[in-house]
Amino acid sequence: MLHFDCGPYRVGPDSAGADPGPACYRRGGPLPLTDANVMLGRIRPEHFPHVFGAAGDQPIDAGVVREGFAVLAAEIGDGRPPEDVAAGFVEIAVIDELRDEERGAKRVLRRAHLRYAGTDTALPVEVAAVESMVAEFEWLHDVQMVADDQVDVG
């Protein structure tokens with residue numbers, strides 16, 4: 001779930017679970033990372049069956065997500081639009097995921113949970129993109145170090 005307690009953004013460790021689930025499920029749930037991805041258009045309601053709501057016959061509710069992030073943006077009060085607030089929480093989740101990578105097995109468990117839950121699959125993709133950029137930077141740095149060692153500066 002997403003938290004702002006008059007300080008830095010926090011993501012988790014608690015979860016909205018399947019019931020009530022994220023706000024977009026139409027069962028009165030809180031705003032978790034799933035809703036941030038709905039807000040950013042990464043999860044698009046038209047790609048999901050109408051199995052949400054009390055009767056299980058409604059689509060994902062992007063409207064309640066927009067309203068929730070508008071309220072959260074107002075609570076934060078720094079002038080950022082709701083979309084930027086949602087993007088900030090996703091960024092925090094990516095940073096947390098990268099920190100978990102350093103811790104080894106914990107990352108495997110989180111990714112397994114994300115894949116099982118099925119709605120936060122955008123996070124591993126974003127983490128992979130960041131990892132790719134870091135790997136490319138490290139490779140370029142290594143190439144430059146080799147090149148520097150082979151240049152006669154004397």
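Is Tyr25 buried or exposed? At 13% relative accessibility, Tyr25 counts as buried. Some notes on the rest of the structure follow.

1. First, what we are looking at. This is a predicted model, so confidence comes before anything else. The chain averages a pLDDT of 76, with 64% of its residues at 70 or more. Among the elements, helix 2 has the highest mean, 95, while helix 4 (residues 105-117) has the lowest, 50.

2. Two stretches deserve a warning. Residues 140-154 have pLDDT below 50, and in the model this stretch has 0 contacts beyond near neighbours in sequence. Residues 114-119 also stay under 50, though here the model does have 7 contacts beyond four places in sequence. Where pLDDT is low, the predicted coordinates should not be read in detail. I'd leave both stretches out of any discussion of side chains.

3. On to the layout. The chain has 5 helices and 2 strands, and from the N terminus the order is β-β-α-α-α-α-α. Buried residues make up 34% of the 154 in the chain. Looking at contacts with a separation of 6 or more, 52% are between residues 24 or more positions apart. The accessible surface is about 9,400 Å², and carbon and sulfur atoms account for 57% of that.

4. Now the core. The largest nonpolar core has 26 residues, and those touching the most other members are Leu2, Ala36, Val38, Phe69, Leu72, Val85 and Phe89. Strand 2 (9-11), helix 1 (33-39), helix 2 (62-76) and helix 3 (82-102) each put in at least two residues. As a general point, nonpolar side chains in soluble globular proteins tend to be buried together.

5. Leu2 is a good place to start when you open the core. Setting aside neighbours within four places in sequence, Leu2 is in contact with Arg10 and Val11, with Leu31, Pro32, Leu33 and Ala36, and with Phe69 and Phe89. Of these partners, Ala36, Phe69 and Phe89 are also on the list of core residues that touch the most other members.

6. Back to Tyr25. The whole structure yields 1 aromatic pair. The pair is Tyr25 with Phe52: their ring centres are 4.9 Å apart and the planes sit at 40°, so the arrangement is tilted. Tyr25 comes from the loop between strand 2 and helix 1 and Phe52 from the loop between helix 1 and helix 2, so the pair ties together parts 27 residues apart in sequence. Phe52 is buried as well, with a relative accessible area of 10%.

7. The neighbouring residue in sequence, Arg26, has its own story. Arg26 forms a salt bridge with Asp61, with 3.7 Å between the closest N and O atoms. Arg26 is in the loop between strand 2 and helix 1, and Asp61 in the loop between helix 1 and helix 2, so this pair ties together parts that are 35 residues apart in sequence. Asp61 counts as buried at 19% relative accessibility, whereas Arg26 is partly exposed at 32%. Do check the backbone here too: Arg26 has a positive phi of about 70° although it is not a glycine.

8. The salt bridge count comes to 4, and two more of them are worth a look. Arg44 pairs with Glu46, the closest N and O atoms being 2.8 Å apart; Arg44 is partly exposed at 43%, and Glu46 is exposed at 53%. Asp78 and Arg80 meet at 2.3 Å, N to O. Asp78 is partly exposed at 39% relative accessibility, and Arg80 is partly exposed at 35%.

9. Last, two prolines, again in the loop between strand 2 and helix 1. Pro20 lies in that loop, and a cis peptide bond joins Asp19 to Pro20, with omega about 20°. Pro13 is found in the loop between strand 2 and helix 1 too, and with a relative accessible area of 85% it is exposed. The C-alpha atoms of Pro13 and His3 are separated by 10.0 Å, the two residues being 10 apart along the chain.

Methods: Residues are numbered from 1 along each chain as its sequence is written. This is a predicted model: local features need pLDDT of at least 70, side-chain atom pairs count only at pLDDT 80 or more; totals for chains, interfaces and linings use all residues. Side-chain values use heavy atoms; hydrogens and water are left out. Helices (H or I, at least four residues) and strands (E, at least two) are DSSP runs, numbered from the N terminus. Buried means under 20% relative accessible area, exposed over 50%, partly exposed in between (1.4 Å probe, protein chains only). Contact means heavy atoms within 4.5 Å. Accessible areas come from the Shrake-Rupley method with a 1.4 Å probe; for residues, only the protein chains shown count as cover. A nonpolar core is a set of buried Ala, Val, Leu, Ile, Met, Phe, Trp, Tyr and Cys residues joined through side-chain atoms within 4.5 Å. Rings of Phe, Tyr and Trp (its six-membered ring) pair if their centres lie within 6.5 Å; planes under 30 degrees apart count as stacked, over 60 as edge-to-face and the rest as tilted. pLDDT is the predictor's confidence in each residue, from 0 to 100. A salt bridge is a side-chain nitrogen of Lys or Arg within 4 Å of a carboxyl oxygen of Asp or Glu.
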